[in-house]
Amino acid sequence: MSILPLVALVGNPNAGKSALFNALTGARQKVGNYPGVTVERHSGRLALDDGRPIELVDLPGAYSLDPSSPDERVTRDVMLGRQEGERLPDAIVVVVDASNLDNHLRFTLQLIALGLPVVVALNMIDLAARDGLTLDAAVLERELGVPVVPTVAVRKKGLEELKARLSGIIGSGALRVRANHGHVDEDIVTLQRRARALSVKATVAETSGRKWTHLMDAIALHPVSGPILLLGLLFLMFQAVFAWSQAPIGWIESLFAALENGVTAALPAGFVRSFLTEGLIAGVGAVIVFLPQILILFTFILVLEATGYMVRAAFMMDRLMAGVGLSGRAFIPLLSSFACAVPGIMATRTIDDEKDRLTTILIAPLMTCSARLPVYTLVIGALIPNTQVLPFVGLQGLVMFALYVLGIVSAYIAALILRRTVTAGPSSGFMMEMPKYQWPRLNDVALGLWSRALIFLKRAGTTIAVTVALLWVLASYPVAPAGVKQSEYSVAGRIASGIEVIVAPIGFNHDIALSLLPAMAAREAAVGAMATVYAIDNPEDEAGAGKLAENLRGRWSLPTALAFLMWFVFAPQCISTIAVTRRETNGWKWPAFMVGYLFALAYIAAGATYWAAVGLGL
Ligand SMILES: Nc1nc2c(ncn2[C@@H]2O[C@H](COP(=O)(O)OP(=O)(O)OP(=O)(O)O)[C@@H](O)[C@H]2O)c(=O)[nH]1
Ligand SMILES: [Mg+2]
């Protein structure tokens, strides 16, 4: 028996390859296995329109030639003639979903560049028509330079033409020229842009929703306007966090001041009253005033997600990510880490490659989580002058933005180094479908905000309240004799003096040393801790961030404040993050490594900043 010409069905998942395979081969199918992997091999026979028999294989769906799963690896290896148990196909049928053309053409372009004879099956045209989309296959054929046949696999439409076009390209005797070895020299954003341009050309009519999506992507994915838009959005977000939050912060402050006055009036002076006012109300209140800023931050993240823009941002970031050996898939976990590293680290489960995933986990704490926001805001608000640098650009917002950027840049460098040392390995590909843009649903955003607010308030009411209360007791006793500061004489003060020995060389004062331990429970507890300590030192003060900032201005120098901010960019001060890392990596090795390298970074960065600032005479 002679060997039949081999034709492979390739395409994105759910394009309809198997449906087409079944329609073409009917009952003449065989299921086997590729050697060494658990990927099934489906093959079958059929006769072309001229009667010539061929063998057809149905390959696993893939998003690109950079595999990120064993299935995708088989598909890539078959395409390159490297798969054990399969010969290089004599031709391929690229199956694309007509209603999702931009996404599917990306892979098609990669496949055509391989140089094998290709026929494109423009499948699911029935669904496209239902969506109000009319495509011109002839235009696509001209632009791609390969035959394009409209099909509806499930209704066996277009099969005869598909077979006719196949026989036209198989065994014509011409030598096959392999263009290259699997890589189109183009990154994913460029490919996406070309795919989009093609699909726009081939589109005769479409609904206004699709038109809008194309128009907006022309801007959002443009090589110049795309990054500018992304940076602009991020910048707007941080300015908003400062500018829009002032009024509600004022309301919360007055609420807590009123609460404190009420308790002071209702209770006689003594342990209980001091505990409630100086301990709980001062400490918890100092954290809760940041609720408006956290909600503004989340509003931005939720709205960008709901509109479909986030995936575009991931696409834009993929090139940057690939530069350090991470996949674009790492973008979503890292982005979630801006809210909190715990869900971010859990979201890395979508990354198949172990080394990729581990690297993402190790750098996730460098993304500025919302718990750092209270600390940044307090210190920036107290010690960075509120001057206008440019119209609409304040210095405070700029410093905040710089801290976020610093976290991102450090994560980038850390990944670069980790991927060449402890987590070295080949990098995997990127998969993601581009959704349509849509208006965010107000209900969904409101619901998301509500649950974030509850989580934050619950933290303030439990972890932070307990930490602050404990600190109050430790900071209140033993009572200092006249002339000695309570914050230094107390048990907490003495522990802090011990810590101060280690952190004094990097410019930290006694207040900071005291706040570092409660900050391990939750970063924002550092703020609550300071509020409590200052309240104990100055019992006549009213509660509120205003007073706290005033105290900071009196007790901290600018170099100390800058060093403290640097510390918070890097220090792994969060027990929950360490715990979730242990769970996700099954052991103590990686969390220990993470804590070690981040504390070392924090210490060096804070020290360098302090001494540089002192040297500059700030
Ligand atoms: N309406 C319509 N549905 C189709 C068409 N082709 C396939 N489908 C349906 O689309 C779904 C996915 O089709 P499959 O053939 O399993 O897709 P696949 O490309 O083999 O997907 P993977 O094996 O996951 O890569 C199935 O529910 C099919 O019935 C089509 O032309 N029109
Ligand atoms: Mg299939």
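Two strands count as paired if DSSP finds at least two bridges between them. The model shown in these views is predicted.

**View 1. Strand 3 and strand 4 pair in antiparallel fashion.** Strand 3 covers residues 40–47. Strand 4 covers residues 53–58. The two are joined by 6 bridges. One residue pair to pick out is Leu46 with Ile54: Ile54, in strand 4, is the bridge partner of Leu46.

**View 2. An open sheet holds 7 strands.** Read across the sheet, the strand order is 2-3-4-1-5-6-8. Pairing is mixed. Strand 2 (29–33) and strand 8 are the edge strands. Each has a single partner strand, so one side of each lacks a neighbour in the sheet. On average, neighbouring strands here are turned by 25° against each other, with direction ignored.

**View 3. Helix 6 lies across four strands of the model: strand 1, strand 5, strand 6 and strand 8.** The helix spans residues 159–169. Its direction makes an angle of about 165° with strand 6. Leu162, Lys163, Arg165 and Leu166 are buried in helix 6. Viewed down the helix axis, these buried residues fall within an arc of 165°, so they line one face of the helix. They pack against strand 1 (6–11), strand 5 (91–97), strand 6 (118–123) and strand 8 (148–150). Gly171 follows helix 6. The phi of Gly171 is positive, near 60°.

**View 4. A shell of 17 residues surrounds ligand 1.** Gly16, Lys17, Ser18, Ala19 and Gly61 come nearest to the ligand. Two helices, helix 1 (17–25) and helix 4 (125–130), each supply at least two residues of the shell. Helix 1 gives the most, with 3 residues. By class, the shell has 9 nonpolar residues, 6 polar ones and 2 charged ones.

**View 5. The whole protein chain sets the context, with 618 residues.** Its secondary structure comes to 27 helices and 11 strands. Buried residues make up 45% of the chain. Consider the contacts between residues at least 6 apart in sequence: 74% of them join residues at least 24 apart.

Definitions and conventions
Residues are numbered from 1 along each chain as its sequence is written. Chains are lettered from A and ligands numbered from 1 in the order in which they are written. This is a predicted model: local features need pLDDT of at least 70, side-chain atom pairs count only at pLDDT 80 or more; totals for chains, interfaces and linings use all residues. A residue is near a molecule or strand if its C-beta atom, placed from the backbone, lies within 6 Å of it. Ala, Val, Leu, Ile, Met, Phe, Trp, Tyr, Cys and Pro count as nonpolar, Asp, Glu, Lys and Arg as charged, and the others, Gly among them, as polar. A residue is buried if 20 or more other C-beta atoms lie within 10 Å of its own, exposed if 12 or fewer, and partly exposed in between; C-beta atoms are placed from the backbone. The arc is that of the directions from the helix axis to the C-beta atoms. Two residues are in contact if their C-beta atoms, placed from the backbone, lie within 7 Å. Axes are lines fitted to C-alpha atoms, for helices over the stretch in contact, and angles run from 0 to 180 degrees between N-to-C directions.
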